[in-house]
Amino acid sequence: MGGSFLLFSYLLSVFASLPSFTVVKADSDVTRPSFTPINRDLYHSSDDLIEQIKSLVHRHPDKLTVETIKAGNKGYTSEITVVTYCQSRKETDDKSKFRILLLIYDLRLVIAGVLDRLFIVFQSFGQHGRELITSELALRILSILSEEQFLPKMDQASLNGTLENVVIKVVPMENLNGRKLVEAGNLCERRNGRGVDLNRNWSVDWGKKEKDYDPYEENPGIAPFSEPETQIMRKLAISFDPHIWVNVHSGMEALFMPYDHKNRTPDGLPSQRMRLLLEELNNVHCHKRCMIGSGGGSVGYLAHGTATDYMHDVVRVPMSFTFEIYGDNTATLKDCFKMFNPVDHTTFKRVLNDWSAAFFTIFKLGPHQIDVHSKAAVSSMDKWVSIDEYFDGYLMGRRNRYGKKMEVLEVGMQEIRTYFRLFLLSSVLLLFMFCSRISKTGRQIVSAIPI
């Protein structure tokens, strides 16, 4: 009895010395990840999204065309898919609608092309890899343009009339390599495949660093246009010469106009027209939630080397915008997918409906805000493009269409560049010599006349 009591006491002391355990429910915060994963039920993978777009184009060759443009340097390559919409593709092939003007200006051959009657819109989505919702919006817009999907409360006949003279170029995923990194698990990645922020790699005010500069997030690259993605986009912009440029992002709800690198908007009538259009979009589609103004003056920091500032200052696009289509300010800094993208079906659908409707309002109101024939807001002498820029854009497009067959043509075009320069130089010298000879002859005739 005494032994049993001692054994029982010993066992009690052993159990008392064991560590205590707490039962945790499976759905408690302890077992939850600190970030929200990609909702695969809502979002396409990058490969699937591009394939969906190409299939869409294949089903509607009368309205849509697609090309994939590739570029690379220093062992890094990238590719950008570009979709062009036009109700009648024959219109864009009619050379009578183009006027090519060759001028000698500051001893350079300059080239300018003007597309009559057509209102031209250039849109870029997915410039930052983590902003998946923007590429989904691109797919939604293209589906509506092809009439496979429809906008709520919009008459299709009226929509077709609006789009009759509109040409739309869409880049659904500018930063494919960065998007791949996000899909591989780096949900906060905004840069391209070698760590450069594509929206800091343009030439306007490039490389300037503010006090709050983040070298990881805002790496501008080693030089303006050091990245293949921005090289492609620059050549597209120069060759397409749009009336409206829209760079689509997420992270907040805002409608921005230039400037990003200054704490103010441009002066004059074009700026007033841009603001009027943005106010209409805010009232009708953003439900007065969106911030309006310059990116640099509204977002709380200045951004240098952005695409929108380049489009406004260099390409001279009459209306250049940056749209921020969604943001969740309740998300933590590490929960990037939730911060930049809707995570539930209801919000996802609302964002796509509201912002696709906003773009079709741009297609409708834009031509009334801009003189399509003259682009009166832009001085014609500011629109000239150098022969090098023109040939670069021409070769890029043909190379991606015909592949290796273009190598011989490219060499030939390089020779043409050289001959053009020699021709211009010799023409100027001959003109100078001719004028000098006339001047000397004139003096001899005058001196021969008796007084």
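## A walk through the fold

Let's start at a helix pair: α4 and α12 cross in a right-handed sense. Keep in mind that you're looking at a predicted model. Helix α4 covers residues 132-145 and helix α12 covers residues 345-369, and their axes come within 9 Å of each other, crossing at roughly 55°. An angle that is neither under 35 degrees nor between 65 and 115 degrees falls in the oblique class, so α4 and α12 are oblique to each other. Which residues of α4 meet α12? On the α4 side they are Ile133, Glu136, Leu137, Arg140, Ile141, Ile144 and Leu145. Their partners in α12 are Phe348, Val351, Leu352, Asn353, Trp355, Ser356, Phe359 and Phe360.

Helix α4 has another neighbour to look at. The axis of helix α2 (residues 46-59) comes within 11 Å of that of α4, and the two cross at roughly 10°. That angle is why α2 and α4 count as roughly parallel to each other. This crossing is left-handed, whereas the one between α4 and α12 is right-handed. From α2, Leu49, Gln52, Ile53 and Leu56 meet Ser135, Glu136, Leu139, Leu142 and Ser143 of α4. Glu136 deserves a second look: this α4 residue is listed in the meeting with α2 and also in the meeting with α12.

Now step back for the whole chain. It has 14 helices and eleven strands. Of its 451 residues, 46% are buried. Take the contacts with a separation of 6 or more: 75% of them are between residues 24 or more positions apart.

Trp355, which we met in α12, leads to Glu324, as these two residues are in contact. UniProt, in an unreviewed entry, places the feature "active site" at Glu324. You'll find Glu324 in strand β10, residues 319-326. Is Glu324 buried or exposed? Its relative accessibility is 13%, so Glu324 counts as buried. Neighbours within four places in sequence aside, its contacts also include His249, Ser250, Gly251, Met252, Glu253, Ala254 and Phe256. Ser250 gives us a distance to check: its backbone nitrogen lies 3.4 Å from a polar atom of the Glu324 side chain.

Follow the chain on from there to a cis peptide bond, which joins Pro258 and Tyr259 with omega at about 10°. Tyr259 sits in the loop between β8 (252-257) and α8 (269-284).

Two other spots have backbone angles to look at. Asp241, in the loop between α7 and β7 (244-249), has a phi near 50°, a positive value in a residue other than glycine. His287, in the loop between α8 and β9 (291-294), also has a positive phi, near 55°. Asp241 is buried because its relative accessible area is 17%, while His287, at 43%, is partly exposed.

Next door to Asp241 in the sequence is Pro242, whose C-alpha is 4.9 Å from that of Ile120, even though 122 residues separate the two in sequence. Ile120 lies in strand β5, residues 119-124, and with a relative accessible area of 3% Ile120 is buried.

Our last stop is Arg191, in the loop between α6 (176-183) and α7 (228-240). Arg191 has a relative accessible area of 12%, so this arginine is buried. What does its side chain make a polar contact with? The partner is the side chain of Tyr216, at 3.1 Å. Beyond its neighbours within four places in sequence, Arg191 also touches Asn175, Gly178, Val196, Asp197 and Glu217.

Conventions:
Residues numbered from 1 in each chain as written. Predicted model: local features only at pLDDT ≥ 70, side-chain atom pairs only at ≥ 80, totals over all residues. Heavy atoms only, no water. UniProt positions renumbered as here; feature names shortened; annotations may be inferred. Helix = DSSP H or I, 4+ residues; strand = E, 2+ residues; numbered from the N terminus. Buried < 20%, exposed > 50% of the residue type's maximum accessible area, 1.4 Å probe, protein only. Contact = heavy atoms within 4.5 Å. Polar contact = N/O pair within 3.5 Å; in protein donor to acceptor, adjacent residues only side chain to side chain. Axes fitted to C-alpha atoms, helices over the stretch in contact; angles between N-to-C directions. Parallel < 35°, antiparallel > 145°, perpendicular 65-115°, else oblique. Left-handed = near helix turned anticlockwise from the far one by under 90°.
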